[in-house]
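Take a look at the chain shown here. This report starts at one spot in it and then widens the view.

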Amino acid sequence: MLLDETPLFDPCLLQDLDWSSNTISFSPSISPCNPGEGLVLRPLCTADFNRGFLKVLSELTHTGDVTAEQFAKKFEHMKKTGDYYVLVVDDANLGQIVATATLITEHKFIHCCAKRGRVEEVVVSDVCRGKQLGKLMLTTLTLLSKKLNCYKVTLECAPKNVAFYEKFGYTASDEQYMQCRFYN
């Protein structure tokens with residue numbers, strides 16, 4: 001099984017974001033092109049399986065025992081659909097993925113056959129918290145959803161995180177989040 005550096009989506013999408021429309025302040029100043037000393041914000045690639053991608057995700061939720069083959073197969077499926085934008089922050093000094101976040105675009109018949117963006121799985125490793133990486137990834141995915149012509153972007157969060165997301169212009173909707181869970 002070949003795990004390589006092929007990105008999940010075109011990295012130019014990140015370079016071409018209109019960062020001037022960002023309303024969030026960063027101190028010190030960081031951006032998708034300059035996320036911090038020794039850090040690179042980029043699309044997920046299959047080689048990230050060996051760089052601790054799943055370990056970072058496991059700080060958020062249960063990941064299970066995923067093999068390299070399963071990972072590569074899921075990656076190829078996501079890449080083929082063109083609707084998945086998984087960001088990672090790669091720490092060159094550690095040789096590890098230290099943060100990740102995902103934007104999924106859903107195609108709708110409503111709003112003139114528009115797209116809706118959904119932000120999921122925003123997590124920063126314990127070793128890198130406090131470096132504004134969560135802010136950076138959420139800002140990047142929000143701007144990316146706008147660039148991709150989504151009519152809205154949504155996310156689900158724990159009540160304790162509402163104030164954080166409100167800083168980015170996210171507001172509670174009138175809808176109630178419901179679920180029917182089949183697995184833990």
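A158 sits in the loop between β5 (150–155) and α6 (162–166). This is a predicted model, and the values that follow are computed from it. Is A158 buried, partly exposed or exposed? Its relative accessibility is 33%, so A158 counts as partly exposed. The cut-offs make this clear, because buried means under 20% and exposed means over 50%. Now compare positions along the chain and in space. A158 and M137 are 21 residues apart along the chain. Their C-alpha atoms are separated by 18 Å.

**A buried leucine**

L144 belongs to helix α5, which covers residues 133–147. Its relative accessibility is 0%, so L144 counts as buried. Which residues does L144 touch, leaving out those up to four places away in sequence? They are L13, L17, Y85 and L103. Take L13 from that list. L144 and L13 lie 131 residues apart in sequence. In space, their C-alpha atoms are 7.5 Å apart.

**Aromatic rings**

How many aromatic pairs does the structure hold? The count is 6. One of them joins F53 and F71, with ring centres 5.9 Å apart and planes at 65°, so this pair is edge-to-face. The pair links distant parts of the chain. F53 is in helix α2 (residues 53–57), F71 is in helix α3 (residues 68–81), and 18 residues separate them in sequence. Both partners are covered by the buried class: F53 has 6% relative accessibility, and F71 has a relative accessible area of 8%.

Another pair is F164 with Y165. Here the ring centres are 5.1 Å apart and the planes stand at 80°, so this pair is edge-to-face too. F164 is partly exposed, with a relative accessible area of 27%. Y165 counts as buried, at 12% relative accessibility. Why are the two classed apart? Buried means under 20%, so Y165 falls in that class, while F164 does not.

Ring pairs also build a group: F49, F53 and F71 are linked into a cluster.

The table lists the residues described above by their exposure.

| Residue | Relative accessibility | Class |
|---|---|---|
| L144 | 0% | buried |
| F53 | 6% | buried |
| F71 | 8% | buried |
| Y165 | 12% | buried |
| F164 | 27% | partly exposed |
| A158 | 33% | partly exposed |

**The whole chain**

Now step back. The chain has 6 helices and 5 strands. Read along the sequence, they come in the order α-β-α-α-β-β-α-β-α-β-α.

What radius of gyration would a compact globule of 184 residues have? It would be near 16 Å, and the chain has 16 Å, so the two agree. Along its principal axes, the C-alpha trace spans about 45 × 40 × 30 Å.

Of the 184 residues, 43% count as buried. Contacts reach far along the sequence. Among those between residues at least 6 apart, 70% join residues at least 24 apart.

The surface comes next. The chain exposes about 11100 Å². Carbon and sulfur atoms supply 52% of that area.

Last come the charges. There are 20 positive and 22 negative side chains. The centres of the two sets lie 3 Å apart.

How values were computed:
Residues are numbered from 1 along each chain as its sequence is written. Side-chain values use heavy atoms; hydrogens and water are left out. Helices (H or I, at least four residues) and strands (E, at least two) are DSSP runs, numbered from the N terminus. The radius of gyration is taken over C-alpha atoms; the globule rule is 2.2 Å times the number of residues to the power 0.38. Buried means under 20% relative accessible area, exposed over 50%, partly exposed in between (1.4 Å probe, protein chains only). Contact means heavy atoms within 4.5 Å. Accessible areas come from the Shrake-Rupley method with a 1.4 Å probe; for residues, only the protein chains shown count as cover. Lys and Arg count as positive and Asp and Glu as negative; His and the chain ends are not counted. The place of a charge is taken as NZ of Lys, CZ of Arg, CG of Asp or CD of Glu. Rings of Phe, Tyr and Trp (its six-membered ring) pair if their centres lie within 6.5 Å; planes under 30 degrees apart count as stacked, over 60 as edge-to-face and the rest as tilted.
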